[in-house]
Amino acid sequence: MTTETVDLGPVPAQWTRRHLLGLEELSAEEITVILDKAEVFRKALEDGVRRIPLLRGKTCANLFFENSTRTRSSFSLAARRLGADTLDFSPSGSSLSKGETFIDTAKNIEAMGVDLVVIRHRTPGSPRLLAANLDCGVFIPADDGIRHPTQGLLDIMTIRQRRGSVKGLTVAMVGDIAHSRTARSNIWGLKKLGAHVIVCGPSTLVSPRWAEIGVEYSYSLDDIIPRVDVLNLLRIQFERQYSRPFPSVREYAHLYAMNRDRLKRAKGDILILAPGPINRGVEITPDVADGKQSAILDQVSNGVAVRMAVLWLIASRCGK
Ligand code: CP
């Protein structure tokens with residue numbers, strides 16, 4: 001199937017960006033442009049379209065300095081579905097082990113002829129550092145330690161699909177708010193589109209300072225559960241913690257896991273999301289993860305469509 005059969009329309013005039021560095025800098029209109037185009041890509045993929053060669057002749061480098069299943073695979077697939085060549089880099093087995101720096105590594109990859117760079121690195125600001133040092137000039141953070149913009153977009157897309165609109169919904173992010181890139185991106189995107197956002201978890205992982213930007217905070221999932229429309233369950237990121245933020249995983253699960261009992265006290269149409277990877281039995285029980293309220297795998301499918309939309313919109317303004 002060719003591009004003629006996919007009715008994307010032109011790139012909207014509201015879209016002028018060459019980079020997507022974070023949802024905090026996007027307007028509600030720009031977020032809506034991405035989501036609307038992602039819907040077109042999602043429909044085409046559902047209809048069996050496997051090549052929409054809008055980026056034919058371009059090369060997309062995926063520089064993943066941290067592990068990934070969903071983000072890396074879906075960026076790669078999105079680029080290939082758009083007809084681009086892809087170059088996947090990971091530090092394991094690379095010459096970083098011989099002392100080559102982050103910038104030199106990126107410059108060498110750029111010298112191979114790259115048009116778009118997707119980067120995951122745990123250091124906040126690493127995409128901006130590359131932008132200042134490379135010429136290819138197009139950077140999309142898969143996440144940079146504090147942001148995960150395409151995860152935020154695909155979560156919001158899933159909510160919009162299931163509920164028609166985000167405006168007026170109460171969306172709770174539960175779990176390791178302190179270390180979650182997903183939480184930060186969701187919070188900015190959801191607030192811009194008119195949702196009421198609650199962050200919830202142990203006091204060691206949820207700062208009361210979220211209230212300063214109009215986000216409600218709570219230390220009790222049981223208190224908030226009856227009024228929540230969408231629950232986004234975040235993994236406890238033990239790998240980013242220097243000390244354990246609660247006495248035991250068992251206690252955490254007792255207080256914060258979404259399970260059958262809590263589901264009974266929730267709204268009948270509550271939507272359950274999780275960015276993945278999920279830890280079954282910690283933040284969510286298997287019956288809820290696989291149950292009818294869960295949209296976890298739908299989020300993953302939307303991830304390919306959102307990344308296609310982002311790559312296409314960004315490439316349209318990069319002028320190479
Ligand atoms: N949600 C997410 O970022 O998953 P990965 O770490 O597998 O990419």
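**View 1. Arg70 meets the ligand in this predicted model.** A polar atom in the side chain of Arg70 lies 2.9 Å from a ligand oxygen. Ser68 also takes part: one of its polar side-chain atoms is 2.6 Å from an oxygen atom of the ligand. His148 adds another such pair, with an N or O atom of its side chain 2.9 Å from a ligand oxygen. Taken alone, the ligand exposes 260 Å². The protein buries 91% of that area.

**View 2. A shell of residues surrounds the ligand.** Ser68, Thr69, Arg70 and Thr71 are among its members. Arg120, His148 and Gln151 belong to the shell too. Pro275 and Gly276 complete the list. By residue class, the shell holds one nonpolar, six polar and two charged residues.

**View 3. The ligand occupies the largest pocket.** Which domains supply the shell around the ligand? Domain 1 (2–148 + 300–317) gives at least three residues. Domain 2 (149–298) likewise gives at least three.

**View 4. Three Phe residues form an aromatic cluster.** The members of this cluster are Phe65, Phe89 and Phe102. How many aromatic pairs does a search of the whole structure find? The count is six. To describe a pair of aromatic rings, one gives the distance of the centres and the angle of the planes.

Technical notes. Residues numbered from 1 in each chain as written. Predicted model: local features only at pLDDT ≥ 70, side-chain atom pairs only at ≥ 80, totals over all residues. Heavy atoms only, no water. Near = heavy atom within 4 Å. Polar contact = N/O pair within 3.5 Å; in protein donor to acceptor, adjacent residues only side chain to side chain. Areas by Shrake-Rupley, 256 points an atom, 1.4 Å probe, with all protein chains shown as cover. 1 Å grid on protein atoms, 1.4 Å probe; cavity = no way out; pocket = protein on both sides within 12 Å on 5 of 7 lines; lining within 4 Å. Sits in = over half its atoms within 2 Å of the grid points. Nonpolar A, V, L, I, M, F, W, Y, C, P; charged D, E, K, R; others polar. Domains from an automatic or database assignment. Phe/Tyr/Trp six-rings, centres within 6.5 Å; stacked < 30°, edge-to-face > 60°.
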